[in-house]
Amino acid sequence: MSAQPEIAIVGVGIHPFGRHDGVSALAMGAHAVRAALADAGLAWPDIEFAYGGSEDGGNADTMVAELGPTGLPFVNVKNGCATGGSSLVSAVTALRSGAFDVGLVVGFDKHPRGAFQNDPADWSLPAWYGEDGLMVTTQFFGAKLQRYMHDHAIPTRTLAQVAEKAYANGSRTPHAWRRTPLSAAEILGSPVLAHPLTKYMLCSPGEGAVALVLCRREYLERLPDARAVWLRSVAFRTRRADTFEVFSPSLPLELMPSPSVDAAREAFESAGVAPDEVDVAQVQDTESGAELIHLAECGLCEHGEQVALYDSGATQIDGRLPVNTDGGCLANGEPVGASGLRQVYEVAVQLRGDAGDRQVPGEPQTGFTHVYGAPGVSACTVLSR
Amino acid sequence: MGSRARRDQAVAGSADLTPVALEGGEPRLVAGRCVECSTHVFPLRGRCPSCGGDVERELLPAQGTLWTWTTQGFEPKPPYVADDDGEFVPYGVGYVEFAGYLRVEGRLTEADPERLRIGMPMRVVAVTRGDRLTYAFAPE
């Protein structure tokens, strides 16, 4: 590994994911903040700055009504699926600048039930695209995956194995939404929503919140009891021309790699870590196929190698490359503002050895997280003990 | 340039543009081609997304091949307009490749996975939705 890491995660907090009627997204966010502060051994007035955000859950900075209006600079972030990643990148940059020693990021959300609803006008698309029934995110997942399976000889059973693992891991995760294991037969037998994807291969919009306390290396002297995890790198990229993204009425004949490829490469390079050094990983699993595709796009396996990885159990908690050990989006749902930070939370907990029933054995040293979202954004991190 | 083509050019990129034109009775997709860099554009819009150059109206061929596909198994939320007052029927969605041009996304007239395969020949068909003309792709 490269030079001494500068930025540490010293506090982690989570509000359970799922559905919480009567609890606002901001209240979940504040719950996560208090948990992260307690974990770090800090109080809210110690926090020098904060970045936070949600898609549908309100303005993060209004949490000070509950946490205390200490006058800190608190920036609201709203960047779709990259909201958590954007907060994290911003916080790391603020710390690296030397302007601050300790800060906090928080992501939270609460979405209406059912599939996400989008207006073509918000996406620079003509009205007919929505009226004709093409403005549905699951169509992108199904269509991209159908082609990927064709090109790389991936059978349907591998999709079922991804979801089966997710619910098995979710059953061991106290804060997960879906905690009942499902068999491959049940997953394959559920209604087809976007061929080849069935109901249980797709995550649902949901609710939840995560907060992280971050500090500079020097600040750790003030926190003798903290159990720091090093945030070795954060990379955040948006799409380049000619990539295959959601809500694309047309595609060029020659496609360019996804922003996930760029973000992952940058995260590994700036951390001085190779993909084969990763002991525990989180990749965006909006649906079963996304987990497979993202593993390869991030360099964690070859395209097509996924079949052997899932047949052999390599991505299970006790496997060679444990993936989405908390059940990922499939078992936790997708509160857009919170998901990216949930991934970092889970890897930090695994590296500390605090993951209980879902702990990866053998004291994992290095972790990786990857988030991907519309309209072509990706954020990746590399973490270590 | 005919009057229809002029109208399309005038509303290029606007929400009003009809994505399909009947050329000698045959439905063809209304795309565009950048006069500067030759990038193909669908739907037709006023400026090239690649270089910002002017875009000329261009009709795509009537036939292509299925590049990928999926199905829509549940009724979409608005602004989706249902076909009729009846119960929702799942429909197919896919990208059809027009060799030498680009790949266009659209509804398929076929939704049975057993009857869809990547690479099969597809044809552009005109469809009326509400009082509006649009397109779909039908297996040849």
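Where does Pro43(B) lie in chain B? Keep that in mind as you work through these exercises on a predicted model.

## Exercise 1: Two cis peptide bonds

Find Pro43(B) and Pro79(B), then describe the peptide bond that leads into each.

**Solution.**
- Step 1. Pro43(B) sits in the loop that links strand S3 (40–41) and strand S4 (55–59) of chain B.
- Step 2. Look at the bond from Phe42(B) to Pro43(B): it is cis, and omega is near -5 degrees.
- Step 3. Now move on to Pro79(B), in the loop between S5 and strand S6 (91–97) of chain B.
- Step 4. The bond from Pro78(B) to Pro79(B) is also cis, with omega near 15 degrees.

## Exercise 2: The build of chain B

Work out which elements chain B contains and how its two domains touch.

**Solution.**
- Step 1. Chain B has one helix and nine strands. Along the sequence they follow the pattern α-β-β-β-β-β-β-β-β-β.
- Step 2. The domain assignment splits chain B into domain 1 (3–59) and domain 2 (63–139).
- Step 3. Ten residues of domain 1 of chain B are in contact with nine residues of domain 2 of chain B.
- Step 4. On the domain 1 side, strand S1 (20–23) and strand S2 (26–34) of chain B each supply at least two residues. S2(B) gives the most, with four residues.
- Step 5. Sorted by class, this side of domain 1 of chain B has seven nonpolar, two polar and one charged residues.
- Step 6. For the chain as a whole, 36% of the 140 residues of chain B count as buried.

## Exercise 3: Following strand S8 of chain B

Identify the strands that S8(B) pairs with, and give a bridge partner in each case.

**Solution.**
- Step 1. Strand S5 (residues 63–72) and strand S8 (residues 121–129) of chain B run antiparallel and are joined by three bridges. Here Gly64(B) has Met122(B) as its bridge partner.
- Step 2. S8(B) is also joined to strand S9 (residues 132–139) of chain B, by eight bridges and again antiparallel. Val124(B) stands opposite Phe137(B) in this pairing.
- Step 3. S8(B) and S9(B) form a hairpin with two residues between them. In the turn, Gly130(B) has a positive phi of about 65 degrees.

## Exercise 4: The sheet of chain A

Name the edge strands of the open sheet in chain A.

**Solution.**
- Step 1. Write down the order of the nine strands: S3-S2-S4-S7-S1-S8-S12-S11-S10 (chain A), with mixed pairing.
- Step 2. The edge strands are strand S3 (74–76) and strand S10 (280–283) of chain A, since each pairs on one side only.
- Step 3. From one strand to the next, the twist averages 20 degrees.
- Step 4. At the S3(A) edge, strand S2 (residues 49–53) of chain A runs parallel to S3(A), with three bridges between them. Ala50(A) has Phe74(A) as its bridge partner.

## Exercise 5: Two helices that cross

Decide whether H6(A) and H9(A) are roughly parallel or roughly perpendicular.

**Solution.**
- Step 1. The axes of helix H6 (residues 156–170) and helix H9 (residues 288–297) of chain A come within 8 Å and cross at roughly 100 degrees.
- Step 2. Angles of 65 to 115 degrees count as roughly perpendicular. H6(A) and H9(A) are therefore roughly perpendicular to each other.
- Step 3. Among the residues that make the contact are Leu159(A) and Val162(A) of H6(A), and Gly289(A) and Leu292(A) of H9(A).
- Step 4. The residues of this contact divide into four nonpolar, three polar and one charged.

## Exercise 6: Where the chains meet

Describe the contact between chain A and chain B.

**Solution.**
- Step 1. Count the residues: 32 come from chain A and 33 from chain B.
- Step 2. H5(A) gives the most to the chain A side, with six residues.
- Step 3. That side of chain A has 17 nonpolar, eleven polar and four charged residues.
- Step 4. Strands pair across the chains too: S9(A) and strand S7 (residues 103–108) of chain B are antiparallel, over two bridges. Leu251(A) has Arg103(B) as its bridge partner.

## Exercise 7: Positive phi outside glycine

Is Ala153(A) buried or exposed?

**Solution.**
- Step 1. Ala153(A) lies in the loop between H5 and H6 of chain A. Its phi is positive, about 55 degrees, although Ala153(A) is not a glycine.
- Step 2. Ala153(A) has 9 other C-beta atoms within 10 Å. A residue counts as exposed with 12 or fewer, so Ala153(A) is exposed.

Notes. Residues numbered from 1 in each chain as written. Chains lettered and ligands numbered in written order. Predicted model: local features only at pLDDT ≥ 70, side-chain atom pairs only at ≥ 80, totals over all residues. Contact = placed C-beta atoms within 7 Å. Nonpolar A, V, L, I, M, F, W, Y, C, P; charged D, E, K, R; others polar. Pairing = 2+ DSSP bridges. Axes fitted to C-alpha atoms, helices over the stretch in contact; angles between N-to-C directions. Parallel < 35°, antiparallel > 145°, perpendicular 65-115°, else oblique. Domains from an automatic or database assignment. Buried ≥ 20, exposed ≤ 12 C-beta atoms within 10 Å, placed from the backbone.
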